[in-house]
Amino acid sequence: MKKILERSFMLGLERITFDPSIMAGQACIRGMRIPVSLVVNLVAHEKPIEEILEEYPDLEAEDIRQSLLYAAWLTQERVYTFKSA
């Protein structure tokens with residue numbers, strides 16, 4: 001968990017926070033009870049950013065942008081080659 005936190009800061013994702021006492025430690029927005037997964041899900045289902053910001057007035061456009069950047073970072077494909085026995 002500490003490594004993920006350190007990496008998120010290195011990536012410039014200071015709005016993505018992890019706290020075991022908030023939402024069981026999952027990635028959230030600025031220590032609030034708004035999980036990154038919720039934000040990404042709303043965007044994936046084509047909810048306009050303006051509507052997301054209206055429904056969640058504590059969110060800011062930069063929170064949505066960093067949520068998407070964090071999701072993109074998590075889904076980076078890595079190819080590992082293994083030697084056959």
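Begin by selecting Glu60 in this predicted model: with a relative accessible area of 39%, Glu60 is partly exposed. Next, add Arg15 to the selection. The side chains of these two residues meet in a salt bridge, with N and O 2.9 Å apart. Arg15 lies in the loop between H1 and S1, and Glu60 in the loop between H3 and H4, so the pair ties together parts of the chain that are 45 residues apart in sequence.

**Arg15 and its surroundings**

Keep Arg15 selected and display the side chain. Is Arg15 buried or exposed? Its relative accessibility is 18%, and because buried means under 20%, Arg15 counts as buried. The loop that carries Arg15 runs between helix H1 (2-10) and S1. Now show the residues that Arg15 touches, setting aside those up to four places away in sequence: Cys28, Ile29, Arg30, Glu60, Glu62, Asp63 and Gln66. The contact between the side chains of Arg15 and Glu60 is also a polar contact of 2.9 Å.

**From Arg15 to Asp63 and Arg30**

Two residues that Arg15 touches, Arg30 and Asp63, form the next stop. Asp63 forms a salt bridge with Arg30, and the closest N and O atoms are 2.8 Å apart. This pair links distant parts of the chain: Asp63 is in helix H4 and Arg30 in the loop between S2 and H2, 33 residues apart. Colour the two by accessibility to see how they compare. Asp63 counts as buried, at 0% relative accessibility, whereas Arg30 is partly exposed, with a relative accessible area of 32%.

**Along helix H4: Glu62 and Arg65**

Stay on H4 and select Glu62 and Arg65. Their side chains meet in a salt bridge of 2.8 Å, N to O. How far apart are Glu62 and Arg65 in helix H4? They are three residues apart, and so are separated by about one helical turn. Glu62 is partly exposed, with a relative accessible area of 26%, and Arg65 is likewise partly exposed, at 43%. For a wider view, select Arg15, Arg30, Glu60 and Asp63 together: salt bridges that share partners join these four residues into one network. In the model, the count of salt bridges comes to six.

**Ser67, further along H4**

Move on to Ser67, which also lies in helix H4. Ser67 is buried, with a relative accessible area of 0%. Leaving aside neighbours within four places in sequence, show its contacts: Ile16, Ile29, Val36, Val39 and Val40. Then draw a C-alpha to C-alpha distance from Ser67 to Cys28; the two residues are 39 apart in sequence and 8.7 Å apart in space.

**Helix H2 and its buried side**

Two of the residues in contact with Ser67, Val36 and Val39, lead to helix H2. Select residues 36-44 to display this helix. Which residues of H2 are buried? They are Val36, Val39 and Leu42. These residues cover an arc of only 130° around the axis, which puts them on the same side of H2. To see what covers them, add strand S1 (16-17), strand S2 (28-29), helix H3 (49-55) and helix H4 (61-74), which are included in that cover. Before leaving the helix, select Glu46, which follows H2 and has a positive phi, near 60°.

**The nonpolar core**

Now turn to the interior. The largest nonpolar core has 15 residues, and those with the most contacts inside it are Ile16, Ile29, Leu59 and Tyr70. Helices H2 and H4 each supply at least two residues of this core. In soluble globular proteins, nonpolar side chains tend to be buried together.

**The whole chain**

Finally, clear the selection and show the complete chain in cartoon form. The chain contains four helices and two strands, and from the N terminus on the elements run α-β-β-α-α-α. Of the 85 residues in the chain, 28% are buried. Switch to a surface display: the accessible surface comes to about 6100 Å², of which 56% belongs to carbon and sulfur atoms. Among contacts between residues at least 6 apart in sequence, 40% join residues at least 24 apart. The salt bridge between Arg15 and Glu60, where the tour began, can be located again in this view.

How values were computed:
Residues numbered from 1 in each chain as written. Predicted model: local features only at pLDDT ≥ 70, side-chain atom pairs only at ≥ 80, totals over all residues. Heavy atoms only, no water. Buried < 20%, exposed > 50% of the residue type's maximum accessible area, 1.4 Å probe, protein only. Arc of directions from axis to C-beta. Contact = heavy atoms within 4.5 Å. Polar contact = N/O pair within 3.5 Å; in protein donor to acceptor, adjacent residues only side chain to side chain. Areas by Shrake-Rupley, 256 points an atom, 1.4 Å probe, with all protein chains shown as cover. Core = buried A, V, L, I, M, F, W, Y, C linked by side-chain atoms within 4.5 Å.
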